[in-house]
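Welcome! Below are some short exercises, each with a worked solution. Take a look at the sequence and the structure, then work through the steps at your own pace.

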Amino acid sequence: PAELRGGMKKRAGLARALRATAGVAFGTARVDQRAQLGALAHQAKLGPAQSTFLASIIDVADDADETVLALARQSPAMMREGVGDALRALVLGLAGGGAGVLVLEDAHWADSAALSIVDDLLVDQELPLAVLAFARPELLEQNPSLWSKRAPFRLELGTLSPRVATRLVHLALPSACEEDVIARIVELAAGNPLVVEELIRSFVTSGVIETSVTVRAVFEARIARLGPRDRLVARTGAVIGEVFWDDLLKRALASTGCDVASALDHLVRDELLSAREASRYTGSREFVFRHALLQAAAEATVPADARREIHRVTALWLEGKGVPDAAAVAHHAEQGGLHDMAGFHYARAGHNAALAGASASAQFLLTRALRLLPRDHGERVAVHLALETLHRDASELPPRLRHLVAARRCARRIPDRAG
């Protein structure tokens with residue numbers, strides 16, 4: 001579901017920025033990740049508690065950190081204050097009396113807790129910080145007063161004017177191309193630069209202009225024109241998500257004998273995918289669809305049984321990599337039919353969201369965990385108690401009592417493993 005896919009990426013912006021600053025790569029040993037973060041904290045002259053809260057952002061807290069975090073986790077407000085103070089101290093320490101820049105990619109995926117922390121940093125008069133955020137329009141649709149206390153400068157990219165679109169088509173097509181062809185492409189694209197590009201590509205490839213002019217249809221036609229090998233790789237990657245990795249693709253397509261590496265190189269040359277210079281997982285190449293609609297068009301053509309198996313393989317692969325984004329593992333596990341595994345990771349993701357102060361996300365994830373966890377699973381007690389705490393903070397008495405009673409019943413159903 002779209003709601004869940006958005007949830008998978010929430011809170012990723014701050015974590016990604018912090019990982020990039022510290023040079024902490026996914027896939028390396030947890031102790032090494034914590035050491036790299038410690039080196040950054042030392043460079044910024046942070047105190048032990050501030051270093052601990054930074055570790056909680058990227059999920060690399062060690063046993064010593066847990067002693068400090070145990071108290072903060074009792075209150076979302078305390079946790080949020082600790083994270084905000086740590087980020088403030090980090091920016092001040094790294095700036096060294098100068099100015100700092102925080103770059104947030106895909107800011108539309110950030111949840112309210114992360115955006116609120118950035119807002120606190122921006123209104124701090126002693127903090128020399130500029131924020132450069134890239135986002136889709138829905139960021140402001142969902143947060144119309146975002147960072148308004150700082151009078152932000154917003155640069156919105158609108159549609160192409162007919163004159164600019166015509167010039168773009170002239171530059172891309174042969175000079176002998178008829179003017180009515182150019183005019184038709186400009187008319188159908190309606191100012192969307194991606195559609196202009198795809199209509200040009202379609203005309204150059206087939207000599208005709210696609211008349212199914214919805215944006216989705218244009219991309220579906222692009223996928224359909226791929227060769228069998230490239231189409232298989234594109235569809236498999238699309239089920240994994242907008243971002244995926246070659247080693248995971250090879251695992252998912254192991255039984256087909258497909259030359260995944262050659263197909264990926266061809267899809268990059270064909271401008272369907274982009275290869276990222278740095279990968280989240282050491283030893284794996286990371287790829288991203290050039291547009292979300294390309295990914296959606298490719299995924300829509302995958303049969304249900306094949307999609308389920310790809311999700312199953314993806315969940316197991318991500319879990320083996322120690323992915324800190326538990327919601328991502330949970331999503332793939334659920335879609336792959338691994339319901340016990342999905343319930344456990346939804347619970348973990350919900351606990352993490354609650355600690356970050358993202359109450360709405362936490363309730364959504366924890367409730368989903370309850371739907372999937374077996375009735376005698378020990379994690380259900382912790383989930384009910386976490387939901388009770390969230391409703392307590394919201395002063396909602398009936399739901400609190402309901403979850404307390406449910407937690408007691410779950411505890412009675414859990415087998416006594418000590419005996």
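**Exercise 1. Decide whether Ala190 is buried or exposed, and describe its backbone.**

*Step 1.* Ala190 has a relative accessible area of 60%, so it is exposed. The cut-offs are these: buried means under 20% relative accessible area, exposed means over 50%, and partly exposed lies in between, with a 1.4 Å probe and protein chains only. Accessible areas come from the Shrake-Rupley method with a 1.4 Å probe, and for residues only the protein chains shown count as cover.

*Step 2.* Find Ala190 in the loop between α10 and α11. Helices (H or I, at least four residues) and strands (E, at least two) are DSSP runs, numbered from the N terminus.

*Step 3.* Phi of Ala190 is near 50°, a positive value in a residue other than glycine.

A word on the model before you go on: it is predicted, so local features need pLDDT of at least 70 and side-chain atom pairs count only at pLDDT 80 or more, while totals for chains, interfaces and linings use all residues. Residues are numbered from 1 along each chain as its sequence is written, and side-chain values use heavy atoms, with hydrogens and water left out.

**Exercise 2. Describe Lys45 and Asp59 in the same way, and list the buried residues of α4.**

*Step 1.* Lys45 is in the loop between α3 (30–43) and α4 (48–57). Its phi is near 60°, again a positive value in a residue other than glycine.

*Step 2.* With 75% relative accessibility, Lys45 counts as exposed.

*Step 3.* Move along to α4, where Gln50, Ser51, Thr52, Phe53, Leu54 and Ala55 are buried. Just after α4 comes Asp59, with a positive phi of about 60°.

**Exercise 3. Examine the salt bridge between Glu187 and Arg184.**

*Step 1.* Begin with the idea: side chains of opposite charge can pair when their charged atoms come close. The rule used here asks for a side-chain nitrogen of Lys or Arg within 4 Å of a carboxyl oxygen of Asp or Glu. By this rule there are 12 salt bridges.

*Step 2.* For Glu187 and Arg184, the N to O distance is 3.4 Å.

*Step 3.* Because they are three residues apart in helix α10 (residues 179–189), Glu187 and Arg184 are separated by about one helical turn.

*Step 4.* Glu187 is exposed at 54% relative accessibility, whereas Arg184 is partly exposed at 33%.

**Exercise 4. Which residue forms a salt bridge with Glu197, and which forms one with Arg276?**

*Step 1.* The partner of Glu197 is Arg201, with the closest N and O atoms 2.9 Å apart. Both lie in helix α11 (residues 193–206), four residues apart, about one turn of the helix.

*Step 2.* Glu197 is partly exposed at 21% relative accessibility, while Arg201 is buried at 17%.

*Step 3.* The partner of Arg276 is Glu286, with the closest N and O atoms 2.8 Å apart. This pair links distant parts of the chain: Arg276 is in the loop between β4 (273–275) and β5 (286–289), and Glu286 is in strand β5, 10 residues apart.

*Step 4.* Arg276 is partly exposed, at 34% relative accessibility, and Glu286 is buried, with a relative accessible area of 5%.

*Step 5.* Finally, salt bridges that share partners join Glu197, Arg201, Glu271 and Arg290 into one network.

**Exercise 5. Why is helix α16 described as largely enclosed by the rest of the structure?**

*Step 1.* List the buried residues of α16: Ala292, Leu294, Gln295, Ala297, Ala298 and Glu299.

*Step 2.* Six of the eight residues of α16 (residues 292–299) are buried, so the helix is largely enclosed by the rest of the structure.

**Exercise 6. Locate Leu390 and say whether it is buried or exposed.**

*Step 1.* Leu390 is part of helix α21 (residues 379–393).

*Step 2.* Its relative accessible area is 5%, so Leu390 is buried.

*Step 3.* Now trace the chain to Ser359: the C-alpha atoms of Leu390 and Ser359 are separated by 6.7 Å, although the two residues are 31 residues apart along the chain.
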